[in-house]
Each structure stands twice: as structure tokens, then as C-alpha cells.
Amino acid sequence: MMEIRYTPIGIVHSPFKETKGTPIQPNAAIGTQATVEIYPEYEEGLQDLDGFSHIILLYHFHLSKFSGLKVKPYRDDNLHGVFATRSPSRPNPIGLSVVRLIKVEKNILEIQNVEIIDGTPVLDIKPYVPEFTTNDEIKIGWLEKNVHKLQESKDDGRFG
């Protein structure tokens, strides 16, 4: 199998120093502020990003350990296939968060609604454009019965 390598373009600086106790999704971290430090060689790529209210961060779950193709996610007692979850324990530990962009100043992004651990390597940034995302007949599978528990959900350390 072909190996794929990525070079981080920056790093997240957040108030969360460990996985345990961290909110598990951006909507459970409303108001939490952080910064993303983009490495100087990538700063030019930030041009015009400040015109967007939200951005998509793609990052490496650097503290996550792969535990197999079936996981017991937060707020559920049943095992599910890892690809039917948003668990950080994945064959390729890539995270995705839509966060509010507050300000871009040189190579520093001020962001809000962050559930990302301090020191997390950032792989890519994309502007969030809701019109690009389909919402036709959305079904959320097994999460339907648990999605209302999001605000009270915190990382319990099981994947770190």
C-alpha cells in the first residue's frame, strides 16, 4: 500500500491541554477561544481568508491511539464501525472542525468554538461555505437518539 505523508502548516494553541474533559464537537465548545499559528512559509496562503466567518480546520489527532475498527463512542453504550462515528481513534487520525474565524493577523488566526487540543498539528484550512454543503434529506443514523446530549459530552480519555 502506498504511504502518504503530510507536513503540518501550523499548530493550534487552545486552553485544552489533555484529551480528558475536552468538549467533543465545536457546538459543545461555544465561546471557547484559541489561536492557530500558521508557519511563516504558509502565511501568504491566508490572503482573503478574513472575509469568511467560519473555516474548516483539518488536523492530525496527535494524541489519539488507534483502537480498532469498532469503537464505543461517547454518549453511547454500543460498538459501531469507526467510519460511522466521529471518534478520534481512526486508521488515519484526521480531525475536522468547523470553527468561527474571529480575526486574521499576519500568520495568527483567532478562532472560536474550538474543541481541539493544544499543540495539535494543522494540516489544512478551507473556507466554510454552507451553500457548498448539501442538506437534502439528512439522516444521522444511530446518533439520532444521542445528538441531544452533545452539550453535556466531554472526552473521557478513552481514545488518548
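Is Glu110 buried, partly exposed or exposed? The answer comes at the fourth stop of this tour, which moves through a predicted model.

**First stop: the whole protein**

Begin with the whole protein in a cartoon view. It has eight strands and zero helices, and reading along the sequence gives the pattern β-β-β-β-β-β-β-β. The protein contains 160 residues, of which 39% are buried. Consider next the contacts between residues at least 6 apart in sequence: 79% of these join residues at least 24 apart. Now switch to a surface view. About 10,200 Å² is exposed, and carbon and sulfur atoms supply 53% of that area.

**Second stop: the largest nonpolar core**

Hide the surface and select Val36, Ile55, Leu57, Leu109, Ile111 and Ile125. These residues have the most contacts inside the largest nonpolar core, a set of 18 residues. Five strands each supply at least two residues of this core: S2 (33-38), S3 (54-60), S6 (94-105), S7 (108-112) and S8 (121-127).

Select Leu109 alone, in strand S7. Leu109 has a relative accessible area of 0%, and it is therefore classed as buried, a term that requires a value under 20%. Show its neighbours, leaving aside residues up to four places away in sequence: among those that Leu109 touches are Ala34, Thr35, Val36, Ile38, Leu46 and Leu49. Ile55, Leu101, Lys103, Val104 and Ile125 are also touched by Leu109. Then place a distance label between the C-alpha atoms of Leu109 and Val12. The label should read 9.4 Å, although these residues are 97 residues apart along the chain.

Move to Ile55 and show its neighbours in the same manner. With residues up to four places away in sequence again set aside, Ile55 touches Leu49, Ser97, Val98, Val99, Leu101 and Leu109, among others. Its contacts also include Ile111, Ile125, Lys126, Pro127 and Tyr128.

**Third stop: Gln25 and an aromatic pair**

Select Gln25, in the loop between S1 and S2. Is this residue buried or exposed? Gln25 is buried, with a relative accessible area of 18%; the category applies because the value is under 20%. Add Ser97 to the selection. Gln25 and Ser97 are 72 residues apart in sequence, while their C-alpha atoms lie 7.6 Å apart in space.

Next, select Tyr59 and Phe61. A search of the whole structure finds one aromatic pair, and these two residues form it. Their arrangement is edge-to-face, with 5.5 Å from centre to centre and 85 degrees between the planes. Tyr59 is buried, at a relative accessible area of 4%.

**Fourth stop: the salt bridges**

Side chains of opposite charge can pair when their charged atoms come close. The whole structure holds five salt bridges, and several are visited here.

Select Glu110 and Lys103. These residues form a salt bridge in which the closest N and O atoms are 3.5 Å apart. The opening question can now be answered: Glu110 is partly exposed, with a relative accessible area of 27%. Lys103 is also partly exposed, at 36% relative accessibility. Add Glu105 to the view. Salt bridges with shared partners join Lys103, Glu105 and Glu110 into one network.

Select Asp118 and Lys17, whose side chains meet in a salt bridge (3.5 Å, N to O). Asp118 lies in the loop between S7 and S8 and Lys17 in the loop between S1 and S2, so this pair ties together parts that are 101 residues apart in sequence. Asp118 is partly exposed, at 25% relative accessibility, whereas Lys17 is exposed, at 58%.

Finally, select Glu3 and Arg5. Their side chains meet in a salt bridge of 2.8 Å, N to O, and both residues are exposed.

**Last stop: a patch on the surface**

Restore the surface view and select Met2, Ile4 and Tyr6. Together they form a nonpolar patch on the surface with about 410 Å² of accessible area. Focus on Ile4, in the segment before strand S1 (10-13). Ile4 has a relative accessible area of 55%; it counts as exposed because this value is over 50%.

Note on methods
Residues are numbered from 1 along each chain as its sequence is written. This is a predicted model: local features need pLDDT of at least 70, side-chain atom pairs count only at pLDDT 80 or more; totals for chains, interfaces and linings use all residues. Side-chain values use heavy atoms; hydrogens and water are left out. Patches are made of residues with over 30% relative accessible area and no salt bridge: like charges are joined within 9 Å, nonpolar side chains (Val, Leu, Ile, Met, Phe, Trp, Tyr) within 5 Å. Accessible areas come from the Shrake-Rupley method with a 1.4 Å probe; for residues, only the protein chains shown count as cover. A salt bridge is a side-chain nitrogen of Lys or Arg within 4 Å of a carboxyl oxygen of Asp or Glu. Helices (H or I, at least four residues) and strands (E, at least two) are DSSP runs, numbered from the N terminus. Buried means under 20% relative accessible area, exposed over 50%, partly exposed in between (1.4 Å probe, protein chains only). A nonpolar core is a set of buried Ala, Val, Leu, Ile, Met, Phe, Trp, Tyr and Cys residues joined through side-chain atoms within 4.5 Å. Contact means heavy atoms within 4.5 Å. Rings of Phe, Tyr and Trp (its six-membered ring) pair if their centres lie within 6.5 Å; planes under 30 degrees apart count as stacked, over 60 as edge-to-face and the rest as tilted.
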